[in-house]
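Trainee: I would like a close look at a single part of this structure. Please take me through one strand and its surroundings.

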Amino acid sequence: MLYSATINVMVKAARRAGRSLKRDLGEIEHLQVSLKGPANFVSLADKRAEEILYQDLAKARPGYGFIGEEGGTREGSDKSHTWIVDPLDGTTNFLHGIPQFAISIGLSREGTIIAGVIYNPANDELYIAERGKGAFLNDQRLRVAGRRQLNECVVACGLPHIGRGDHEEFRREMTAMQERVAGLRRFGAASLDLAFVAAGRLDGYWERNLQSWDIAAGLIMLREAGGTITDIDTPGDALVTGNVVCGNEYVHGELVKILRK
């Protein structure tokens, strides 16, 4: 398929960083099984991938700002455009050799996400979306699932772990959700959860306390696939609040009713 120059730049950067991550994934099983060894190795892999992304994107679009999970905000001379990047979403999965992780690149123009790329190098799945031009997985057009019965829906969620999030709040939400849906899933990479909803693999998804780089690319992916995504507690922008709920229009509305009780 023919994509815009911007998408081609994003895809090229994601694939190059992906090759680096895939090589590093192959090394994890050879590391000594200790917290220090693998954790430090993954941190280096993360930073290496972000630097590749920064170099490639900055070379192709000099002056654009850059927000990365590892390196923070790098101001650019062009104040209208900002790359929002997670070089390794699903770090814990990566650390354990679980092939559910991704590179996520969103492009913001004056505060609005206009393009997104999510790439899982472990299985070579490449999701792309551009404002007004649709969302695609490996060149196949994406559309959110059309289910309208919540008891037939599979819904993904975040799962707060030690030292993170409000565990009691999540238990209340999960209990309420378990009574209404066909299945709950926790995959461990927010960008891919959003992409899976866009692809119709999941019917809905909610998670709290995310960062902009977790959400940016998935947000446009979902909208271009016909989905609805908002903040959990208000009709506001999930990219700002970090609290995400999404699905097709009907499922989104039903999930919101459950979560706001």
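Which residue stands opposite Gly65 in β3?

Mentor: This is a predicted model. In β3, Thr82 stands opposite Gly65. That pair belongs to the contact between strand β1, residues 64–68, and strand β3, residues 78–89. The two strands run parallel, and 5 bridges join them. Gly68 takes part as well: its bridge partner in β3 is Val85.

Now turn to β2. Here β1 runs antiparallel, with 3 bridges joining the two strands. A hairpin of 3 residues makes the connection from β1 to β2. Gly68 has a bridge partner in this strand too, namely Gly72. So Gly68 is bridged to Val85 in β3 and to Gly72 in β2, while 4 of the 5 residues of β1 are buried, so the strand is largely enclosed by the rest of the structure.

Next, the sheet. It is open, has 8 strands and shows mixed pairing. The order is β2-β1-β3-β4-β5-β6-β7-β8. Its edge strands are β2 (72–74) and β8 (140–141), each pairing on one side only.

Two helices pack on this sheet. Helix α1, residues 5–28, touches β3, β4 (102–109), β5 (112–120) and β6 (125–130). The direction of α1 makes about 35° with that of β5. Helix α6, residues 212–224, touches β1, along with β3, β4, β5, β6 and β7 (134–137). For α6, the angle with the direction of β5 is about 100°.

Definitions and conventions:
Residues numbered from 1 in each chain as written. Predicted model: local features only at pLDDT ≥ 70, side-chain atom pairs only at ≥ 80, totals over all residues. Heavy atoms only, no water. Pairing = 2+ DSSP bridges. Contact = heavy atoms within 4.5 Å. Axes fitted to C-alpha atoms, helices over the stretch in contact; angles between N-to-C directions. Buried < 20%, exposed > 50% of the residue type's maximum accessible area, 1.4 Å probe, protein only.
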